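Ready to work through a protein model with me? Have your viewer open, and try each task before you read its solution.

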Amino acid sequence: MGIREETEKRVFAYIEEYGMISPGDKIVAGVSGGADSMCLFRLLLAYRERVAFALAVAHVNHGLRRDAEEDARYVEELCGQEGIPFFLTESDVHRVAALENCSEEDAGRRIRYRAFREAAGKMGAGKVAVAHNSDDNAETMLFHLFRGSGLQGISGIAPLRPDEGGLWILRPILCLERREVEAYLRELGISWRRDSTNEGDGYSRNRIRHHILPYAGQEVSGAVGHMLRTARLLQEAEGYLRQQTREALEQCAASDGEGRYLVDAAAFQRFHNALRGRMLLELLGHLSPTGKDILSVHVRDALTLFEREGNRYITLPFGITARRQYGQVVLERMETAERTGAPPPGDVQPAWRQEPEEVLLTEELFQRPARVLLGSQGELEFSAFFIKKEWEVPKNRYTKWFDYDKMEERAAIRCREQGDYLTIARGAGSMAHKSLKDYMISEKIPRQLRDRIPVVALGNHVLWLVGWRISEAFKVSGDTRRVLQVRLTGQNEESGTEEKDVGAH
């Protein structure tokens with residue numbers, strides 16, 4: 001059996017194993033003119049002699065190379081010879097990458113799939129065929145492995161997967177290695193276009209393609225084929241875990257219909273650790289605007305809310321918040337909390353925008369406390385007392401203690417202002433100023449919340465960002481003899497250690 005017959009036999013069996021193509025289907029093939037896409041194109045034409053289906057071609061000019069227009073003409077001529085509808089999309093990858101704040105590699109991928117969906121819409125197609133091969137799959141597996149990806153990432157490229165808008169993405173030649181693709185084309189006497197952007201080492205995937213995979217192939221016979229088989233096993237495991245994750249969520253989590261997820265903490269904890277992270281990733285993915293970009297570190301942070309009791313909260317990217325509220329963990333986005341009137345994280349009510357107030361830090365505080373009302377948030381109570389021996393400062397989110405003798409004569413209670421800063425420890429006994437804006441960004445405090453958190457300040461020096469961090473400059477030390485106590489009343493003071501006050505008491 002020759003190369004042509006052997007290749008077609010393998011690919012046709014692969015198509016049928018995964019049920020990729022059925023009689024009467026309408027399919028758009030992505031054809032760049034390169035070896036992989038030309039192989040895909042010819043194999044689909046050959047398979048069409050066995051199973052009747054409609055075929056069209058989509059070609060994308062990314063605007064990266066001067067000879068890209070020649071590629072488009074080449075593919076269009078081939079389609080004309082075969083009587084295949086041809087759809088051309090011209091775009092500017094540099095511009096899209098800048099507008100969408102992503103890499104050029106990612107921008108190119110987005111442009112291609114948008115073009116495929118547009119062509120499928122014009123044709124009335126439900127499937128798109130793309131030309132990934134086994135080497136592409138191995139590159140993807142290694143790329144995700146090196147980045148510390150989870151099981152889904154290192155499972156590689158799926159032979160068949162659903163896409164946005166109900167389309168299916170098919171990869172009929174995923175079973176072929178790149179050398180087999182080129183051997184098939186040479187057997188048929190078919191030439192292909194070469195993309196110079198794939199020749200350099202500018203992209204991480206190119207470096208894996210040009211250096212790591214060739215070395216692996218030299219050292220381990222059949223390395224790429226072995227990885228394809230491993231990918232299949234991993235995909236089966238991933239599919240099973242995905243099913244178990246969804247079944248587990250049905251037992252312990254529910255949506256309230258307002259874009260908020262309520263998770264029963266006790267029921268959640270009964271599931272295996274292998275499922276818990278996946279369960280949270282699934283829910284947080286629903287709250288993410290892209291459905292992506294939730295990382296393992298975010299999942300780990302959210303898991304801590306289930307592991308320790310007490311009403312606490314954390315903030316995550318995209319304005320997502322997670323808070324422990326008695327026996328539940330509530331996951332939501334800030335705009336959901338504001339729209340429904342629910343308290344934002346840390347019970348900081350969104351309505352507090354009052355005018356600044358002052359408290360005189362005088363000897364009178366040793367006799368009677370001073371109070372400042374914060375509307376529905378409760379009130380701040382200022383008092384002072386003496387200590388005669390070394391005193392261990394308690395940890396409490398809503399009560400803070402400061403060295404009274406380092407204070408100025410008055411403190412302001414207000415929202416943040418331009419120029420505000422905290423003093424933070426830098427190690428080895430040194431300290432430095434950090435702008436309050438930078439602190440809020442580094443702590444991922446949602447933008448909607450930043451102007452609503454009360455600040456206790458001496459001028460622009462922030463004494464306490466209420467519910468968060470205090471300044472190192474005013475901390476109680478072994479030399480402290482008089483203490484200023486500031487307490488936010490109306491809060492659950494048994495909530496334990498403060499999540500966001502690391503290194504400050």
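The exercises below concern a predicted model, and each comes with a worked solution.

**Exercise 1. Take stock of the whole protein.**
Task: Find how many helices and strands the protein has, and what share of its residues is buried.

Solution:
- Start with the secondary structure, which comes to 16 helices and 21 strands.
- Next, turn to burial: of the 505 residues in the protein, 49% are buried.
- Then look at the contacts with a separation of 6 or more: 69% of them are between residues 24 or more positions apart.
- Finish with the surface: about 25,200 Å² is accessible, and carbon and sulfur atoms account for 47% of that.

**Exercise 2. Trace an open sheet.**
Task: Work out the strand order of the open sheet of 5 strands, and say which strands stand at the edges and why one side of each is left without a neighbour.

Solution:
- Begin with strand 7 and strand 8 (residues 261-264), an antiparallel pair joined by 3 bridges. Here Ala253 has Val263 of strand 8 as its bridge partner.
- Move on from strand 8 to strand 11, where 4 bridges make another antiparallel pairing. Tyr261 stands opposite Leu331 of strand 11.
- Continue to strand 10 (residues 320-325), which is joined to strand 11 by 6 bridges and runs antiparallel to it. In this pairing, Thr321 faces Glu332 of strand 11.
- Check the connection as well: strand 10 and strand 11 form a hairpin with 2 residues between them, and Tyr326 in the turn has a positive phi of about 60°.
- Put the pieces together, and the order reads 7-8-11-10-9, with antiparallel pairing.
- Strand 7 (253-255) and strand 9 (313-315) are the edges; each has a single partner strand, so one side of each lacks a neighbour in the sheet.
- As for twist, neighbouring strands of this sheet are turned by 15° against each other on average, ignoring direction.

**Exercise 3. See what surrounds the strands.**
Task: Identify the helix that lies across strand 7 and strand 8, and count the buried residues of strand 11.

Solution:
- The helix is helix 10 (residues 223-252), which runs at about 75° to strand 7.
- Strand 11 (residues 328-333) is mostly covered, with 5 of its 6 residues buried.

**Exercise 4. Examine helix 8 and its cover.**
Task: List the buried residues of helix 8 and some of the helices that cover them.

Solution:
- Within helix 8 (residues 178-188), the buried residues are Arg178, Glu180, Val181, Ala183, Tyr184 and Leu185.
- Their cover includes helix 1 (3-17), helix 2 (35-48), helix 6 (134-146) and helix 9.
- Just after helix 8 comes Gly189, with a positive phi near 70°.
- Now step to helix 9 (residues 204-219), where Ile212 is found. Ile212 is partly exposed, at 36% relative accessible area, and together with Leu145 and Phe146 it makes a nonpolar surface patch of about 300 Å².

**Exercise 5. Follow the salt bridges.**
Task: For the pairs Asp163 and Arg117, Arg482 and Glu363, and Arg414 and Asp420, decide whether each partner is buried or partly exposed, using the cut-off that buried means under 20% relative accessible area.

Solution:
- The structure holds 36 salt bridges; these three are among them.
- Asp163 and Arg117 meet at 2.7 Å, N to O. Asp163 lies in the loop between strand 5 (160-162) and strand 6 (168-170) and Arg117 in helix 5 (residues 104-123), so the pair ties together parts 46 residues apart in sequence.
- With 14% relative accessible area, Asp163 is buried, whereas Arg117, at 25%, is partly exposed.
- For Arg482 and Glu363, the closest N and O atoms are 3.0 Å apart. Arg482 is in strand 21 (residues 482-489) and Glu363 in the loop between strand 12 (357-360) and strand 13 (370-373), with 119 residues separating them.
- Arg482 is buried at 18%, while Glu363 is partly exposed at 48%.
- Arg414 and Asp420 meet at 2.8 Å, N to O. Arg414 is buried at 4%, and Asp420 is buried at 4% too.
- To round off, look for a network: salt bridges with shared partners join Asp135, Asp136, Glu139, Arg178 and Arg209.

Notes
Residues numbered from 1 in each chain as written. Predicted model: local features only at pLDDT ≥ 70, side-chain atom pairs only at ≥ 80, totals over all residues. Heavy atoms only, no water. Pairing = 2+ DSSP bridges. Axes fitted to C-alpha atoms, helices over the stretch in contact; angles between N-to-C directions. Contact = heavy atoms within 4.5 Å. Patch = residues over 30% accessible without salt bridge, like charges linked within 9 Å, V, L, I, M, F, W, Y side chains within 5 Å. Areas by Shrake-Rupley, 256 points an atom, 1.4 Å probe, with all protein chains shown as cover. Salt bridge = Lys/Arg side-chain N within 4 Å of Asp/Glu carboxyl O. Buried < 20%, exposed > 50% of the residue type's maximum accessible area, 1.4 Å probe, protein only.
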